[in-house]
Amino acid sequence: MKPQALPQDVRALAALVLHQVFDQGQSLSQALPEHIPACPERDRGLLKELCFGTLRYASAYTLILQQLIPTPLKRKDGDVEALLLLGLYQLDHTRIPDHAALSATVEASRLLKKDWAAGLINGVLRRYQREQGQLAEKFAKNPNYTYAHPQWLLDRIRSAWPEHWQQTLTANNQHPPMTLRVNIQHGDREHYLKRLAEADIEARPCSYSPAGIMLTAAVPVESLPGFAAGDISVQDEAAQLAAYLIAPEAGMRVLDACCAPGGKTCHLLEIAPDADLVAIDIDAKRMQRVTENLDRLGLSAELKTANLAEPATWWDGRPFAAILLDAPCSATGVVRRHPDIKHLRRASDLAPLAKLQQRLLTTLWAMLKPGGTLVYATCSVLPDENTKQLLEFTRQNPDAVCKPMDVPWGLPQPFGRQLLPQADGHDGFYYAVVQKVDGTNGS
């Protein structure tokens, strides 16, 4: 329950955001914007850092709190537990002097009308300072502490990627790089790299996306040359690869399914502005983002807000030459950008997601013309949503053939290729390219 008068203190606000994630099941993208207006402008960067950072390491710090507080706090005091977690995060991962972090976190409890917790927070954080070395040694062999992931997710990733699980979990806890996509209708990558250099923004070309640029350090989008004019967009390199797999051409009828917020939609049109592109998503609010992105870039598409799985409500019956299905998934490949996934996602979510993914594949397959291509994509690193989905789909659809992918990126799988998150590179993504063979001539 939030106080009637929201405090303007950055730590108290961070505790409220974290409480909404941990105890109310809200996503960080839902909870954080609600509290930013109450935060002094000078502290908004710190508010984001405290929320994102605490969520990254909360799994580890929960183990610490279980040692330092033998009796668990009551559910109604989730904001106090959030203060404790962000206090531990400050002591370990920020440049804030320990005494300042400690006293400010104690004071935040009073602003949240939890005066009784001031002594508890002070005692726990001071004890952590004294016993930090012993606690680290105690949990040194506990992977939940070392990698700060919930057990179910750690187990799944370790099982799926026995040679890469440690690097994957480590990458999930890093700050993601800021990656750009050059609008090739406005100029090439080399020219834009020069513009960045002239603006004293350090950057390098991405390894796999011909339009991708990775910044050495994140900057406000307003400071990017030509951003308002549509010369550049922010998009992870792994997400940029989708458009190259579709390879749209002028006049080609293309469906971008589950398109919001529109990064891939825009990239497809940057490659082929005259493509006949239909973009659909079920979320009206997120579809507004698609419209805004298209407007900024000077592009146009046929936008539809509808349930993809109910084609009678939106499809005109004309088949598509290519379909991009960026399927709803666990988002376990973008944990570093959305650390709340660690705390909101459950192992029990995977089966319903897999069922939905299979339903969408089946629905869209009927809309693809013979000889056409469907690109299946997820931002997941779990085979249940990726390789296993294509195995089942091709088994049920004899006219579906997974095409070999002649690309220099990703780990080759029985179906498609898997990108795992890289600490100084792309997010985790899966792609498979499926062609619909013509049953009349076998091609």
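Which helix does Asn-172 lie in? I started my notebook with that, and found Asn-172 in helix H9, which covers residues 165-172. A reminder to myself: this is a predicted model.

**Entry 1: Asn-172**

I looked up whether Asn-172 is buried or exposed. Asn-172 counts as buried, because its relative accessibility is 0% and the cut-off for buried is under 20%. Next I checked its side chain, which makes a polar contact with the side chain of His-149 at 3.0 Å. I then set aside the neighbours within four places in sequence and listed what else Asn-172 touches. His-149 turned up again, together with Ile-157, Thr-332, Val-335, Arg-336 and Pro-421.

**Entry 2: helix H2 and His-35**

I moved on to helix H2, residues 28-35, and asked which of its residues are buried. I noted Leu-28, Ala-31, Leu-32 and His-35. They sit on the same side of H2, because they cover an arc of only 95 degrees around the axis. A friendly rule helps here: an α-helix has 3.6 residues a turn, so residues three or four places apart point the same way. What covers these buried residues includes helix H1 (10-24) and helix H3 (44-68).

I took a second look at His-35, which has its place in H2. His-35 is buried, with a relative accessible area of 0%. I found its side chain in a polar contact with the side chain of Gln-20, at 2.5 Å.

**Entry 3: helix H16**

I tried the same search on helix H16, residues 387-396. Here Thr-387, Gln-389, Leu-390, Phe-393 and Thr-394 are buried. Looking down the axis of H16, I see the buried residues within an arc of 155 degrees, so they line one face of the helix. What do the buried residues of H16 pack against? I wrote down helix H15 (350-365), along with three strands: E9 (368-378), E10 (400-402) and E13 (429-436).

**Entry 4: Asp-9**

I went back toward the start of the chain and found Asp-9 in the segment before H1. Asp-9 is partly exposed, with a relative accessible area of 22%. Its side chain reaches the backbone nitrogen of Ala-12 at 2.9 Å. Beyond the neighbours within four places in sequence, I have Asp-9 in contact with Ala-108 and Leu-111. I also checked Asp-9 against Lys-403: the two are 394 residues apart in sequence, and their C-alpha atoms are 55 Å apart in space.

**Entry 5: backbone oddities**

Before this search I reminded myself that most residues other than glycine have a negative phi, and most peptide bonds are trans.

I looked at Lys-113 in the loop between helix H5 (98-111) and helix H6 (117-138). Its phi is near 65 degrees, a positive value in a residue other than glycine. Lys-113 counts as exposed, at 66% relative accessibility.

Cys-258 also has a positive phi, near 55 degrees, and is not glycine. I found Cys-258 in the loop between E5 and H12. Cys-258 counts as buried, at 16% relative accessibility.

Pro-261 has its place in the loop between strand E5 (253-257) and helix H12 (263-271). I noted that the peptide bond from Ala-260 to Pro-261 is cis, with omega near 10 degrees.

**Entry 6: empty space**

Rolling a probe the size of a water molecule over the atoms shows where empty space is left. I turned to the second largest pocket, which holds about 420 Å³ of space. Its lining has 21 residues, and the closest to its centre are Phe-22, Ala-58, Thr-62, Glu-81 and His-343. Which elements give two or more residues to this lining? They are H1, H3, helix H4 (78-93) and helix H14 (341-344). By class, I have 8 nonpolar, 7 polar and 6 charged residues in the lining of this second largest pocket.

How many cavities of 30 Å³ or more are there? I count 1. The largest cavity has a volume of about 40 Å³. Val-182, Asn-183, His-186, Gly-187, Asp-188, His-191, Tyr-192, Arg-195 and Asp-231 line it. Helix H10 (residues 189-198) gives the largest share of that lining, with 3 residues. The lining of the largest cavity divides into 2 nonpolar, 4 polar and 3 charged residues.

Definitions and conventions. Residues numbered from 1 in each chain as written. Predicted model: local features only at pLDDT ≥ 70, side-chain atom pairs only at ≥ 80, totals over all residues. Heavy atoms only, no water. Buried < 20%, exposed > 50% of the residue type's maximum accessible area, 1.4 Å probe, protein only. Helix = DSSP H or I, 4+ residues; strand = E, 2+ residues; numbered from the N terminus. Arc of directions from axis to C-beta. Contact = heavy atoms within 4.5 Å. 1 Å grid on protein atoms, 1.4 Å probe; cavity = no way out; pocket = protein on both sides within 12 Å on 5 of 7 lines; lining within 4 Å. Points joined across faces, edges and corners; volume = space filled by probe spheres on them. Nonpolar A, V, L, I, M, F, W, Y, C, P; charged D, E, K, R; others polar. Polar contact = N/O pair within 3.5 Å; in protein donor to acceptor, adjacent residues only side chain to side chain.
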